[in-house]
Amino acid sequence: MPLTYHEIDEKMLNKMKKRDREFLITICTGADFEDNKRRKKERPKCFKEMRIKQRSYYILFCPYCKNHGLFLTYRKPNKNKQEPFQCVFCGETNPEQKISFTLEKSQELLEMAKEIIKEKNKLRKARKRLLLEQCIVVLTTGVEIYLRDIYATLFNIQFVKEKKSLYEKFYKDTKNNFSNIGNTNKKYKDDLNINLKQIIGQKNFDILRMMQMKRNVIVHNNGNADSAYANENNSNITLNDQVPINITEVRKFIASVYILIKSINKEIGPSFENERMIWIEKFINGKTT
Ligand SMILES: [Zn+2]
């Protein structure tokens, strides 16, 4: 679910009123085709031709700074398409893009942990532990930023007037609300009417909760159980025991984060899509500034 750049493609054009569609196409093709004959081509063909010419058009609608505009990008021949993801005005990145970078890093750390244990080195177990710990830290921090980002962004889009942005305020005000998935769920339920536990299921919710608890003891207690951890997991971990971390569990953490992202997209995608089309219509008709 792209929050910043929306590609102008046939799918988007087909959802528009004819007049708006023609207007948008004229702006885009006018920049591409100098002679009138070519400009009169069947419109969707023009868009295909732009693709061949390695050009793509986007409407930029930044939910952070609320700036907007038309955006043209070139890509190098024979290279995979590069979607723009940073706002040219404020430099902010899509929450989804940020979390996908986080997931890439986490998976890389997990792979390194799997490789390092094969080495004939007496430090291999300690190094594997170190890599898995860092994997949990990177992943959990990424999830907290993602959930806080989505929360502040939806608030900024839904409740703040056009041209104005209170993203920074929402983001700062929620600093302490997202370090505990239970509190996060309460904020989502109370303010956005989204029940995270329900959309991802109890099992994934518990996995994410455990991931957060492990990150807390890694960061604050050198990976050893503090009283909060020992009380919650009263089975066989006592105070100051080293908290167990293994590859299978970290793999489960990563899988649950994927489920979280997919479930949030499914939950907020359709209404966001509607908001976006309404906004694009206003933009085309000069009703935004
Ligand atoms: Zn921006």
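This report walks through a predicted model of one protein chain, from its overall make-up to its cores, its sheet and one pair of helices.

**The chain as a whole**

Let's start with the broad picture. The secondary structure consists of 12 helices and three strands. The chain has 289 residues, and 28% of them count as buried. If you take the contacts between residues at least 6 apart in sequence, 60% of these join residues at least 24 apart.

**Two nonpolar cores**

Next, look inside. The largest nonpolar core contains 38 residues, and Cys-135 and Ile-136 have the most contacts inside it. Six elements give two or more residues each to this core: α5, α6, α8, α9, α10 and α12. Of these, α6 (124–159) supplies the largest share, 13 residues.

Which residues does Cys-135 touch, apart from its neighbours within four places in sequence? Its contacts there are Ser-106, Leu-109, Leu-110, Ala-113 and Val-250. There is also a second, separate core; it has 13 residues, including Ile-8, Tyr-58, Tyr-64 and Phe-283.

**The sheet**

Now find the strands. They form an open sheet with antiparallel pairing, in the order β1-β2-β3. As a reminder, strands of a sheet pair through backbone hydrogen bonds.

| Strand | Residues |
|---|---|
| β1 | 5–7 |
| β2 | 55–61 |
| β3 | 68–74 |

Why is one side of β1 and of β3 left without a neighbour in the sheet? Both strands stand at the edges and each has a single partner strand, so one side of each has no neighbour there. From one strand to the next, the twist averages 35°.

You can follow the pairing of β1 with β2 over three bridges. One residue to look for is His-6, whose bridge partner in β2 is Ile-59. The helix α12 packs on this sheet and touches β1, β2 and β3. The direction of α12 makes about 100° with that of β2.

**A pair of helices**

Finally, turn to α5 and α12, which also both give residues to the largest core. These two helices pack at an angle of about 165°, and their axes are 11 Å apart. Angles over 145 degrees count as roughly antiparallel, so that is how α5 lies relative to α12. Their crossing is left-handed.

Where do they meet? On the α5 side, the residues include Ile-99, Leu-103, Ser-106 and Leu-110. On the α12 side, Val-250, Ile-254 and Val-257 are among them. Two of these names may look familiar: Ser-106 and Val-250 are also in contact with Cys-135.

Notes
Residues numbered from 1 in each chain as written. Predicted model: local features only at pLDDT ≥ 70, side-chain atom pairs only at ≥ 80, totals over all residues. Core = buried A, V, L, I, M, F, W, Y, C linked by C-beta atoms within 7 Å. Buried ≥ 20, exposed ≤ 12 C-beta atoms within 10 Å, placed from the backbone. Helix = DSSP H or I, 4+ residues; strand = E, 2+ residues; numbered from the N terminus. Contact = placed C-beta atoms within 7 Å. Pairing = 2+ DSSP bridges. Axes fitted to C-alpha atoms, helices over the stretch in contact; angles between N-to-C directions. Parallel < 35°, antiparallel > 145°, perpendicular 65-115°, else oblique. Left-handed = near helix turned anticlockwise from the far one by under 90°.
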